[in-house]
Amino acid sequence: MKTLTLIIVLLLSVSFNYAQEEKAGHSITVTIENIQNNNGNVLLSLHTEGTFMKASGIQNLESKIVDGQVSLTFENVTPGTYAIMALHDENENRKMDFQENGMPKEAYGASNNDMSFGPPQFSKAKFEMNDENLELKIIF
């Protein structure tokens, strides 16, 4: 009887864990291939409209650069509207550096690769995360 109870408990536990994993969300894999050098790191942040250009992302990733490229994955992303910002943090100070005239010193990009002048805008960088994994490329 103890063995049967143990088997039932284990089956319920495995079923519960599997159900939790399915509800956790999906992944967004971001690739950047045109990085000018391997200095520093690339910082990526996943944003909602409420955090875009205002606060830290809801998920943040960092990677060393190898052969001018990186590939990073945001995990457990629930369906919704998001935007991604990317920064080549060459001096590893974890922020964007600017020249005296206000122009950025370090390369940056955002989802949808809008090349407008001025800071990125959520309306141009946003995308929908549905019930499937996404693969995005960002260009600096």
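In what pattern do helices and strands follow one another along the sequence of the protein? Read along the sequence, the order is α-β-β-β-β-β-β-α-β-β. The legends below describe close-up views of this predicted model.

**Figure 1. Overview of the protein, a predicted model with two helices and eight strands.** The protein has 140 residues, and 33% of them are buried. Its accessible surface amounts to about 9,200 Å², and carbon and sulfur atoms account for 53% of that area. Among the contacts between residues at least 6 apart in sequence, 68% join residues at least 24 apart.

**Figure 2. The open sheet of three strands, in the order E4-E1-E8.** The pairing within this sheet is mixed. Strand E4 (70-77) and strand E8 (134-137) stand at the edges; each has a single partner strand, so one side of each is left without a neighbour in the sheet. From one strand to the next, the twist averages 20 degrees. In general, strands of a sheet pair through backbone hydrogen bonds, in either a parallel or an antiparallel manner.

**Figure 3. Strand E1 (residues 26-32) and its pairing with E8 and with E4.** E1 pairs with E8 in the parallel sense, over four bridges. Val-30 stands opposite Leu-136 in E8, and the bridge partner of Thr-29 in E8 is Glu-135. With E4, E1 pairs in the antiparallel sense, over six bridges. On that side, His-26 stands opposite Val-77 in E4. Is E1 largely enclosed by the rest of the structure or largely exposed? E1 is largely enclosed, because six of its seven residues are buried.

**Figure 4. Strand E2 (41-47) and its pairing with E3 and with E5.** The pairing of E2 with E3 is antiparallel and runs over six bridges. The bridge partner of Leu-43 in E3 is Glu-62. E2 also pairs with E5 in the antiparallel sense, here over seven bridges. In E5, His-88 is the bridge partner of Val-42. Seven of the seven residues of E2 are buried, so the strand is largely enclosed by the rest of the structure. Asn-41, Leu-43, Ser-45 and His-47 point one way from E2, whereas Val-42, Leu-44 and Leu-46 point the other way; all are buried.

**Figure 5. The largest pocket and the strands that contribute to its lining.** The volume of the largest pocket is about 730 Å³. The pocket is lined by 29 residues, of which Met-85, Ala-86, Leu-87, Met-96 and Tyr-108 are the closest to its centre. At least two lining residues are supplied by each of strand E2 (41-47), strand E3 (59-64), E5 and strand E6 (108-110). Which strand gives the largest share of the lining of the largest pocket? That share, four residues, comes from E2.

**Figure 6. The surroundings of Ala-86 in strand E5 (residues 80-89).** Ala-86 has a relative accessibility of 4% and therefore counts as buried, the cut-off being under 20% relative accessible area. Ala-86 is also among the residues closest to the centre of the largest pocket. Leaving aside neighbours within four places in sequence, Ala-86 is in contact with Ile-32, Leu-43, Leu-44, Ala-107, Tyr-108, Gly-109, Ile-138 and Phe-140. Of these contacts, Leu-43 and Leu-44 are buried residues that point opposite ways from E2. Asn-60 is 26 residues away from Ala-86 in sequence, and the C-alpha atoms of the two are 9.9 Å apart in space.

**Figure 7. The surroundings of Glu-128 in strand E7 (residues 127-129).** Glu-128 is partly exposed, with a relative accessible area of 47%. Its C-alpha atom is separated by 4.6 Å from that of Thr-81, although the two residues are 47 residues apart along the chain. Which residues are in contact with Glu-128, leaving aside its neighbours within four places in sequence? They are Gly-80, Thr-81 and Leu-134.

Methods: Residues numbered from 1 in each chain as written. Predicted model: local features only at pLDDT ≥ 70, side-chain atom pairs only at ≥ 80, totals over all residues. Heavy atoms only, no water. Buried < 20%, exposed > 50% of the residue type's maximum accessible area, 1.4 Å probe, protein only. Contact = heavy atoms within 4.5 Å. Areas by Shrake-Rupley, 256 points an atom, 1.4 Å probe, with all protein chains shown as cover. Pairing = 2+ DSSP bridges. Axes fitted to C-alpha atoms, helices over the stretch in contact; angles between N-to-C directions. 1 Å grid on protein atoms, 1.4 Å probe; cavity = no way out; pocket = protein on both sides within 12 Å on 5 of 7 lines; lining within 4 Å. Points joined across faces, edges and corners; volume = space filled by probe spheres on them.
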